[in-house]
Amino acid sequence: MADSVLVIHENDNVAVALRDLEAGEEALFRGKIFATALERVPAGHKVAICEIERGGEIIKYGEPVGISTAVIPRGAWVHTHNLESGRWKRT
Amino acid sequence: MEKDVSISGYRRKDGRVGIRNHLLVIPTVACVNGVVNRVGRAVPEAVCAPHGHGCGRGGERNLVILFRVLSGMIRHPNVGAAVVIGLGCEVSNTKTLLPMLGDIGKPLAVLNVQEEGGSLKTADKAIGAAREFLEELAAARREPADWNDLLVSVECGGSDAMSGITANVAVGAVADLLVDRGATVMFGENTEMIGAAHVLARRAVNDEVARKITEMTDRAETLTRTVMGDMAGLVISPGNMDGGMSTIAEKSLGCIVKGGTRPVMDVVDYGETPKVRGLVLQDGPGYDADSMAGFAAAGSQLMFFSTGRGTPAGFPAVPVIKVASNSELYRAMEDDMDINAGNMVEGVPLEALRDDMTAYMTEIINGKRTRAEENGMDIFTFMTVNPPF
């Protein structure tokens, strides 16, 4: 099976979809299932590969790229609807 | 590894090496762009670089940049001869510009529209000079060059989430190889380092360079906050967001991978030529066109430019190698793309892609034309710091 996602760094809690994932599709990388998509995740977008608590860091490239604004379940699409920039919080 | 791949170029009197031997026709000010375009129609072999600047803006910093970019382009190692078209009353007039240029060690013609009797007479004289210079340039021969003669800049624009995963990672691997061969590699886009400055500062060669990195990114961040307000954290284009990037930190981390992993040796100002070899950062803006002009003014002979959404942009006199981050883009804009880094997704290992890119780069250095060169996709504009008045 071809990889459907890319996990860039071992500490990451999100994977990047290599193609559009529909709900129910597996996030597969190098033979391992990291999550099952709970909703549509467009190609290039992030999918949570573990549950992320509200206020938790979103880790990609092994570095924080944002802060979650809600509990993000494993398999959920992660984007501006459920994270904010940790650098400059929106008011 | 093919360490001894030989490269060639045109050695200039100032010691630098060009990988092209172009005739450049450049205006000092936008008012005379029409003259430059007229010369370009009559002498299609000339590289014409019309632009929108040269007057109407003040402030010391603005003037420094204006003269640095114009003189950097005229002195550029890929330029073997230049025709400069001035107006006469502009801020960047040739009486001020020429003393800054000094002896450039190459054929140079300078014509001012207000002195030559108007645009048509100026164009006629410029066409004559251009044809004469082209004959001289045709006699030049390439000589062996060294990798440490090269200043290669890396840029990304129209990024998508794949840019930071495929194309920039592959360009970064080539950047590491270039540094290891003795070349200088430069990247800029200070707004695209925001949120990733600590990663770069950690790689600084000494505390002084680490301080420069932090100062540069702090300044870029302050400016971004002033301009963007509450939306500053999301200062990425709608296209970037559609592609899956959520924050500037995410975009920045994906951006800085294109510079590779070697120590950061220095930070130079916009358009300033690095004095050290190895990886160097340019304190310049994120906008592709302005950023490339800074690299060119610094004397970059070659650029890599990764793109995810797809931009055809090249640069006058400087070959720009376009690297597509995904196969869909590569197929959709095949005429504009030199490299498909999207094949990493289909299982091509990074090392194989890097070696293919290096082989292609070597051909480009030795005279093969990039897609942007073939297609004539040059754009030339540069940074300004004040609004016009």
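Chain B holds 14 helices and 14 strands, in what is a predicted model. Its C-alpha trace spans about 60 × 50 × 40 Å along the principal axes. A compact globule of 389 residues would have a radius of gyration near 21 Å, and the 20 Å of chain B agrees with that. Of those 389 residues, 57% count as buried. The chain also links distant parts of its sequence: among contacts between residues at least 6 apart, 73% join residues at least 24 apart.

**Two domains in chain B**

Where does chain B divide? Domain 1 covers residues 22-138, and domain 2 covers residues 145-375. Their C-alpha centres lie 29 Å apart. The two parts do touch, with 13 residues of domain 1 in contact with 11 residues of domain 2. On the domain 1 side, strand S3 (22-27) and helix H2 (60-75) of chain B each supply at least two residues. H2(B) gives the most to that side, with five residues.

**Where chain B meets chain A**

Turning to the other chain, 21 residues of chain B are in contact with 23 residues of chain A. Which helix of chain B gives the most to this side? Helix H10 (residues 248-256) does, with four residues.

The table sets out the make-up of two contact sides, both belonging to chain B.

| Contact side | Nonpolar | Polar | Charged |
|---|---|---|---|
| Chain B, touching chain A | 11 residues | six residues | four residues |
| Domain 1 of chain B, touching domain 2 of chain B | eight residues | four residues | one residue |

H10(B) deserves another look. Nine of its nine residues are buried, including Ile248(B), Leu253(B) and Ile256(B). Charged side chains are found there too: Glu250(B) and Lys251(B) are among the buried residues. What do the buried residues of H10(B) pack against? From chain A come strand S6 (57-60) and strand S7 (63-68), while chain B itself offers strand S8 (151-156), helix H6 (167-180), helix H7 (197-202) and helix H9 (238-242).

**A sheet in chain A**

Chain A has an open sheet of four strands in the order S1-S2-S5-S8, with antiparallel pairing. Strand S1 (5-6) and strand S8 (77-78) of chain A stand at the edges with a single partner strand each, so one side of each is left without a neighbour in the sheet. The partner of S1(A) is strand S2 (residues 14-17) of chain A, and the two pair in the antiparallel sense over two bridges. Within this pair, Val5(A) stands opposite Ala17(A) in S2(A).

Terms used
Residues are numbered from 1 along each chain as its sequence is written. Chains are lettered from A and ligands numbered from 1 in the order in which they are written. This is a predicted model: local features need pLDDT of at least 70, side-chain atom pairs count only at pLDDT 80 or more; totals for chains, interfaces and linings use all residues. The radius of gyration is taken over C-alpha atoms; the globule rule is 2.2 Å times the number of residues to the power 0.38. A residue is buried if 20 or more other C-beta atoms lie within 10 Å of its own, exposed if 12 or fewer, and partly exposed in between; C-beta atoms are placed from the backbone. Two residues are in contact if their C-beta atoms, placed from the backbone, lie within 7 Å. Two strands pair if DSSP finds at least two bridges between them. Ala, Val, Leu, Ile, Met, Phe, Trp, Tyr, Cys and Pro count as nonpolar, Asp, Glu, Lys and Arg as charged, and the others, Gly among them, as polar. Domain bounds come from an automatic or database domain assignment.
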